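Open your viewer and set the display to a cartoon with side chains available on demand. We will walk from stop to stop, selecting a few residues each time.

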Amino acid sequence: MDISTLLNLINYIFVLIFGIIVSFYFADIRLEDNHKLFIYTTLTFALFQAVCYLLLGQNVLYKSYPFLIHIPLILVIRFVCHKNIYISSIAVLSAYLMCTPRKWFGTAAAYIFKDIPMISDIVTIIITIPLISVSYTHLRAHETLSD
């Protein structure tokens, strides 16, 4: 496996973890009270994503992501966590929107540094780390205020 493929896989893992954390919080599913659910969901989705990546390739996974990841996550929040379909959908779609800034930075870096093919993945990975932290901290603080 070359470095480009590895960075791409790491990027997919980071966005998956970010998306699940933010989706759960938007659906009012506290990670502190649902460690096992978070771990099982993340591992199941990561395994499914890896299988799709290996069998279908990066291009198909990227184009099919809403059907392979977003819709199943909505269904997990709806049926496993017993939230209504509106909350489930809004939580996942809101988390998707929060992933946009990391993509913007990666796209901007790829535009500026055209000679470095892996720069987009490198920048999105680097941006995701503080974005997860800021989002998690903000959502927990909001949760504490609403209790």
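Helices here are DSSP runs of H or I with at least four residues, strands are runs of E with at least two, and both are numbered from the N terminus. This is a predicted model, in which local features need pLDDT of at least 70 and side-chain atom pairs count only at pLDDT 80 or more, while totals for chains, interfaces and linings use all residues. Residues are numbered from 1 along each chain as its sequence is written, and side-chain values use heavy atoms, with hydrogens and water left out.

**Colour by confidence**

Start by colouring on pLDDT, the predictor's confidence in each residue on a scale from 0 to 100. The protein averages 91, and 96% of the residues score at least 70. Helix 6 (residues 119–146) has the lowest mean among the elements, 84, and helix 4 has the highest, 96.

**Select helix 3**

Now select residues 58–80, which make up helix 3. Its end C-alpha atoms span only 29 Å, whereas a straight helix of 23 residues would span 33 Å; the expected span is 1.5 Å times one less than the number of residues. Where is the kink in this helix? Centre on Ser 64: a kink of about 75° lies there, shortly before the proline Pro 66. The bend at a residue is the angle between axes fitted to the seven residues ending there and the seven starting there.

Next, show the buried side chains of helix 3, among them Leu 61, Tyr 65, Leu 68, Leu 73 and Ile 77. Buried means under 20% relative accessible area, exposed over 50%, and partly exposed in between, with a 1.4 Å probe and protein chains only. The cover over these residues includes helix 1 (3–26), helix 2 (35–56) and helix 4 (85–98).

**Two positive phi angles**

Step just past the end of helix 3 to His 82, where phi is positive at about 60°. His 82 sits in the loop between helix 3 and helix 4 and counts as exposed because its relative accessibility is 63%. Then jump to Asp 28, in the loop between helix 1 and helix 2. Asp 28 is not a glycine either, yet has a positive phi of about 65°; at 52% relative accessibility, Asp 28 counts as exposed.

**Tyrosine rings**

How many aromatic pairs does a search of the whole structure find? The search finds two. Rings of Phe, Tyr and Trp (its six-membered ring) pair if their centres lie within 6.5 Å; planes under 30 degrees apart are stacked, over 60 edge-to-face, and the rest tilted. Select Tyr 12 and Tyr 53: this pair is edge-to-face, with 6.2 Å centre to centre and 70° between the planes. Tyr 12 lies in helix 1 and Tyr 53 in helix 2, so the pair ties together parts 41 residues apart in sequence. Both Tyr 12 and Tyr 53 are buried. Add Tyr 65 to the selection, and you have a cluster of three residues linked by ring pairs.

**Towards helix 6**

Finish with Met 118, in the loop between helix 5 (100–112) and helix 6. Met 118 is partly exposed, with a relative accessible area of 24%. Leaving aside neighbours within four places in sequence, Met 118 is in contact (heavy atoms within 4.5 Å) with Ile 3, Ser 4 and Leu 7. Last, pick Ile 122 in helix 6: its C-alpha atom is 8.0 Å from that of Asn 11, though the two are 111 residues apart in sequence.
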